[in-house]
Amino acid sequence: MGYNISDANSYLVITGGGIPDIKIVKKAWVWPWQKHSRISISPFDFEITLQAMTIEKLQFSLPAVFTIGPADDVESLCRYAKILTGKTANSAKQPTATGRNHVQDIVKGIIEGETRVIVSSMTMEEIFKEREVFKTAVIKNVQKELDQFGLRIYNANVKELQDTPGSEYFTFLSRKAHEGASNQAKVDVANAMMMGNIGVRLSSTQYRHHLTSSPRTGSRKAR
(Lines give C-alpha, C1' and ligand atoms only; values in the text may rest on other atoms or scores of the structure.)
Protein backbone atom coordinates (compact mmCIF):
# COMPACT_ATOMS: atom_id res chain seq x y z
CA MET A 1 0.00 0.00 0.00
CA GLY A 2 1.20 3.50 -0.73
CA TYR A 3 0.90 6.59 -2.85
CA ASN A 4 2.76 6.15 -6.14
CA ILE A 5 3.83 8.76 -8.67
CA SER A 6 5.20 8.00 -12.13
CA ASP A 7 8.04 9.79 -13.89
CA ALA A 8 7.40 12.33 -16.64
CA ASN A 9 7.92 9.76 -19.40
CA SER A 10 6.04 6.89 -17.77
CA TYR A 11 2.65 5.79 -16.42
CA LEU A 12 1.45 3.57 -13.61
CA VAL A 13 -0.39 0.39 -14.58
CA ILE A 14 -2.67 -0.76 -11.75
CA THR A 15 -4.61 -4.02 -11.56
CA GLY A 16 -6.46 -5.91 -8.86
CA GLY A 17 -9.43 -5.31 -6.59
CA GLY A 18 -11.89 -2.70 -7.77
CA ILE A 19 -10.38 -2.52 -11.27
CA PRO A 20 -12.18 -4.60 -13.93
CA ASP A 21 -9.29 -4.53 -16.43
CA ILE A 22 -6.28 -2.27 -15.98
CA LYS A 23 -5.95 1.34 -14.90
CA ILE A 24 -3.49 3.79 -16.47
CA VAL A 25 -2.65 6.82 -14.32
CA LYS A 26 0.17 9.20 -13.48
CA LYS A 27 -0.33 8.96 -9.72
CA ALA A 28 -2.58 6.97 -7.39
CA TRP A 29 -2.96 5.15 -4.10
CA VAL A 30 -2.22 1.45 -4.54
CA TRP A 31 -4.02 -0.72 -1.98
CA PRO A 32 -2.85 -4.08 -0.59
CA TRP A 33 -5.34 -5.93 -2.82
CA GLN A 34 -3.91 -4.24 -5.93
CA LYS A 35 -0.66 -4.50 -7.87
CA HIS A 36 1.13 -1.99 -10.04
CA SER A 37 3.99 -1.56 -12.49
CA ARG A 38 5.43 1.29 -14.50
CA ILE A 39 5.63 1.52 -18.27
CA SER A 40 7.80 3.95 -20.21
CA ILE A 41 6.30 5.85 -23.12
CA SER A 42 9.68 6.89 -24.56
CA PRO A 43 9.85 6.02 -28.27
CA PHE A 44 12.58 3.61 -29.34
CA ASP A 45 14.51 3.31 -32.59
CA PHE A 46 14.01 0.10 -34.47
CA GLU A 47 16.59 -0.64 -37.16
CA ILE A 48 15.99 -3.36 -39.71
CA THR A 49 17.51 -4.60 -42.96
CA LEU A 50 14.81 -6.47 -44.82
CA GLN A 51 15.37 -8.95 -47.66
CA ALA A 52 12.43 -8.56 -50.05
CA MET A 53 11.43 -9.84 -53.49
CA THR A 54 9.67 -7.89 -56.25
CA ILE A 55 6.94 -9.05 -58.62
CA GLU A 56 9.72 -10.11 -61.05
CA LYS A 57 11.22 -12.32 -58.31
CA LEU A 58 14.20 -9.97 -57.96
CA GLN A 59 15.66 -9.70 -54.46
CA PHE A 60 17.03 -6.60 -52.77
CA SER A 61 17.89 -5.28 -49.31
CA LEU A 62 15.84 -2.56 -47.66
CA PRO A 63 17.58 -0.83 -44.72
CA ALA A 64 15.22 1.26 -42.61
CA VAL A 65 15.01 2.91 -39.19
CA PHE A 66 11.63 3.37 -37.50
CA THR A 67 11.07 5.43 -34.35
CA ILE A 68 8.11 3.81 -32.62
CA GLY A 69 6.41 4.29 -29.28
CA PRO A 70 3.02 4.16 -27.59
CA ALA A 71 0.43 6.76 -28.55
CA ASP A 72 -0.22 9.06 -25.60
CA ASP A 73 -3.92 8.39 -25.02
CA VAL A 74 -5.57 6.10 -22.47
CA GLU A 75 -6.97 3.55 -24.92
CA SER A 76 -3.65 3.12 -26.72
CA LEU A 77 -1.71 2.98 -23.45
CA CYS A 78 -3.98 0.19 -22.20
CA ARG A 79 -3.26 -1.85 -25.32
CA TYR A 80 0.46 -1.17 -25.04
CA ALA A 81 0.55 -2.00 -21.35
CA LYS A 82 -1.03 -5.40 -21.94
CA ILE A 83 1.58 -6.54 -24.46
CA LEU A 84 4.43 -4.93 -22.52
CA THR A 85 3.59 -6.44 -19.14
CA GLY A 86 1.95 -9.64 -20.30
CA LYS A 87 -1.03 -8.65 -18.19
CA THR A 88 -4.46 -9.80 -19.30
CA ALA A 89 -7.73 -8.47 -17.95
CA ASN A 90 -8.28 -11.16 -15.31
CA SER A 91 -4.76 -12.38 -14.73
CA ALA A 92 -3.55 -12.53 -11.16
CA LYS A 93 0.08 -12.65 -12.21
CA GLN A 94 2.26 -9.73 -11.12
CA PRO A 95 3.08 -7.58 -14.18
CA THR A 96 6.80 -7.06 -14.59
CA ALA A 97 6.98 -4.39 -17.34
CA THR A 98 10.07 -5.99 -18.87
CA GLY A 99 8.61 -7.00 -22.22
CA ARG A 100 10.17 -4.46 -24.58
CA ASN A 101 11.96 -7.24 -26.45
CA HIS A 102 8.58 -8.85 -27.00
CA VAL A 103 7.25 -5.55 -28.35
CA GLN A 104 10.21 -5.23 -30.70
CA ASP A 105 9.60 -8.75 -32.00
CA ILE A 106 6.01 -7.80 -32.76
CA VAL A 107 7.09 -4.60 -34.52
CA LYS A 108 9.72 -6.46 -36.54
CA GLY A 109 7.18 -9.03 -37.69
CA ILE A 110 4.72 -6.32 -38.74
CA ILE A 111 7.32 -4.28 -40.66
CA GLU A 112 8.67 -7.33 -42.46
CA GLY A 113 5.24 -8.72 -43.31
CA GLU A 114 3.68 -5.48 -44.58
CA THR A 115 6.78 -4.44 -46.53
CA ARG A 116 7.00 -7.80 -48.29
CA VAL A 117 3.32 -7.59 -49.26
CA ILE A 118 3.84 -4.16 -50.88
CA VAL A 119 7.13 -5.10 -52.57
CA SER A 120 5.66 -8.28 -54.06
CA SER A 121 3.16 -6.18 -56.05
CA MET A 122 5.73 -3.75 -57.49
CA THR A 123 8.48 -3.96 -60.09
CA MET A 124 12.06 -3.13 -59.20
CA GLU A 125 12.00 -0.02 -61.40
CA GLU A 126 8.78 1.23 -59.76
CA ILE A 127 10.36 0.91 -56.32
CA PHE A 128 13.51 2.70 -57.53
CA LYS A 129 11.74 5.57 -59.30
CA GLU A 130 8.86 6.02 -56.84
CA ARG A 131 10.61 5.64 -53.52
CA GLU A 132 8.48 8.26 -51.74
CA VAL A 133 5.29 6.51 -52.86
CA PHE A 134 6.77 3.20 -51.71
CA LYS A 135 7.83 4.66 -48.34
CA THR A 136 4.38 6.21 -47.78
CA ALA A 137 2.65 2.90 -48.54
CA VAL A 138 4.93 1.01 -46.12
CA ILE A 139 4.34 3.50 -43.29
CA LYS A 140 0.57 3.51 -43.86
CA ASN A 141 0.27 -0.28 -43.80
CA VAL A 142 2.60 -0.73 -40.82
CA GLN A 143 0.78 1.95 -38.82
CA LYS A 144 -2.56 0.28 -39.49
CA GLU A 145 -1.26 -2.93 -37.89
CA LEU A 146 0.46 -1.14 -34.99
CA ASP A 147 -2.80 0.54 -33.97
CA GLN A 148 -4.07 -2.68 -32.41
CA PHE A 149 -1.11 -2.62 -29.99
CA GLY A 150 -1.39 1.08 -29.09
CA LEU A 151 1.80 1.94 -30.99
CA ARG A 152 2.49 4.70 -33.48
CA ILE A 153 5.28 5.58 -35.88
CA TYR A 154 6.93 8.85 -34.86
CA ASN A 155 9.49 8.79 -37.65
CA ALA A 156 10.53 6.47 -40.48
CA ASN A 157 13.68 6.63 -42.55
CA VAL A 158 13.81 4.23 -45.49
CA LYS A 159 17.41 4.35 -46.65
CA GLU A 160 18.91 3.72 -50.09
CA LEU A 161 17.77 0.43 -51.54
CA GLN A 162 20.65 -2.02 -51.84
CA ASP A 163 21.49 -4.96 -54.10
CA THR A 164 21.75 -8.38 -52.56
CA PRO A 165 25.08 -10.22 -53.02
CA GLY A 166 25.56 -11.13 -56.67
CA SER A 167 23.10 -8.53 -57.97
CA GLU A 168 23.94 -5.11 -59.43
CA TYR A 169 20.46 -3.95 -60.43
CA PHE A 170 20.31 -0.84 -58.24
CA THR A 171 23.93 -0.04 -59.03
CA PHE A 172 23.03 -0.12 -62.72
CA LEU A 173 19.92 2.03 -62.24
CA SER A 174 21.87 4.57 -60.18
CA ARG A 175 24.61 4.73 -62.82
CA LYS A 176 21.99 5.07 -65.56
CA ALA A 177 20.22 7.90 -63.72
CA HIS A 178 23.53 9.67 -63.08
CA GLU A 179 24.63 9.38 -66.70
CA GLY A 180 21.21 10.57 -67.88
CA ALA A 181 21.41 13.65 -65.63
CA SER A 182 24.99 14.33 -66.76
CA ASN A 183 24.04 14.05 -70.43
CA GLN A 184 21.03 16.31 -69.95
CA ALA A 185 23.26 18.88 -68.24
CA LYS A 186 25.61 18.81 -71.24
CA VAL A 187 22.64 19.32 -73.60
CA ASP A 188 21.39 22.25 -71.50
CA VAL A 189 24.83 23.89 -71.56
CA ALA A 190 25.14 23.38 -75.33
CA ASN A 191 21.68 24.85 -75.89
CA ALA A 192 22.51 27.84 -73.72
CA MET A 193 25.74 28.46 -75.61
CA MET A 194 23.95 28.14 -78.96
CA MET A 195 21.25 30.60 -77.89
CA GLY A 196 23.95 32.96 -76.63
CA ASN A 197 25.80 32.84 -79.97
CA ILE A 198 22.57 33.43 -81.87
CA GLY A 199 21.84 36.40 -79.65
CA VAL A 200 25.27 37.88 -80.28
CA ARG A 201 24.95 37.47 -84.05
CA LEU A 202 21.43 38.92 -84.02
CA SER A 203 22.53 41.95 -82.01
CA SER A 204 25.46 42.53 -84.39
CA THR A 205 23.19 42.32 -87.48
CA GLN A 206 20.67 44.71 -85.95
CA TYR A 207 23.44 47.18 -85.14
CA ARG A 208 24.81 47.15 -88.69
CA HIS A 209 21.31 47.58 -90.07
CA HIS A 210 20.82 50.59 -87.82
CA LEU A 211 24.01 52.21 -89.12
CA THR A 212 23.12 51.73 -92.77
CA SER A 213 19.54 52.94 -92.41
CA SER A 214 20.29 56.10 -90.39
CA PRO A 215 20.00 59.41 -92.46
CA ARG A 216 23.33 61.10 -93.07
CA THR A 217 23.65 64.85 -92.56
CA GLY A 218 25.87 66.54 -95.19
CA SER A 219 28.20 69.40 -94.18
CA ARG A 220 27.26 72.94 -95.32
CA LYS A 221 29.71 74.90 -97.45
CA ALA A 222 30.97 78.08 -95.87
CA ARG A 223 30.33 81.28 -97.79
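Select Tyr-3 to begin: at 42% relative accessibility, Tyr-3 counts as partly exposed, because that class lies between buried (under 20% relative accessible area) and exposed (over 50%), with a 1.4 Å probe and protein chains only. This is a predicted model, in which local features need pLDDT of at least 70 and side-chain atom pairs count only at pLDDT 80 or more, while totals for chains, interfaces and linings use all residues. Residues are numbered from 1 along each chain as its sequence is written, and side-chain values use heavy atoms, with hydrogens and water left out.

**The surface around Tyr-3**

Tyr-3 belongs to strand β1; strands (E, at least two residues) and helices (H or I, at least four) are DSSP runs numbered from the N terminus. Add Ile-5, Trp-29, Trp-31 and Trp-33 to the selection: with Tyr-3 they make a nonpolar surface patch of about 590 Å². Patch residues have over 30% relative accessible area and no salt bridge; like charges are joined within 9 Å, and nonpolar side chains (Val, Leu, Ile, Met, Phe, Trp, Tyr) within 5 Å. A salt bridge is a side-chain nitrogen of Lys or Arg within 4 Å of a carboxyl oxygen of Asp or Glu. Accessible areas come from the Shrake-Rupley method with a 1.4 Å probe, and for residues only the protein chains shown count as cover.

**The loop after β1**

Next, select Ser-6, in the loop between β1 (2-5) and β2 (10-16). Is Ser-6 buried or exposed? Ser-6 counts as buried because its relative accessibility is 10%. Its side chain reaches the backbone oxygen of Ser-10 at 3.1 Å. Not counting residues up to four places away in sequence, Ser-6 touches Tyr-11, Leu-12, Val-25, Lys-26 and Arg-38; contact means heavy atoms within 4.5 Å.

**A loop further along**

Move to Lys-57, in the loop between β6 (44-53) and β7 (59-70). Lys-57 counts as exposed, because its relative accessibility is 61%. Its phi is positive, about 70°, although Lys-57 is not a glycine. Most residues other than glycine have a negative phi.

**The whole chain**

Now display the entire protein chain, which has 5 helices and 9 strands. Of its 223 residues, 35% count as buried.

Finally, colour by pLDDT, the predictor's confidence in each residue from 0 to 100. The chain has a mean pLDDT of 78, and 67% of its residues reach 70 or more. Over residues 88-98, pLDDT stays under 50, and the model has 17 contacts beyond four places in sequence for them. Over residues 217-223, pLDDT also stays under 50, and the model has 0 such contacts.

How values were computed. Polar contact = N/O pair within 3.5 Å; in protein donor to acceptor, adjacent residues only side chain to side chain.
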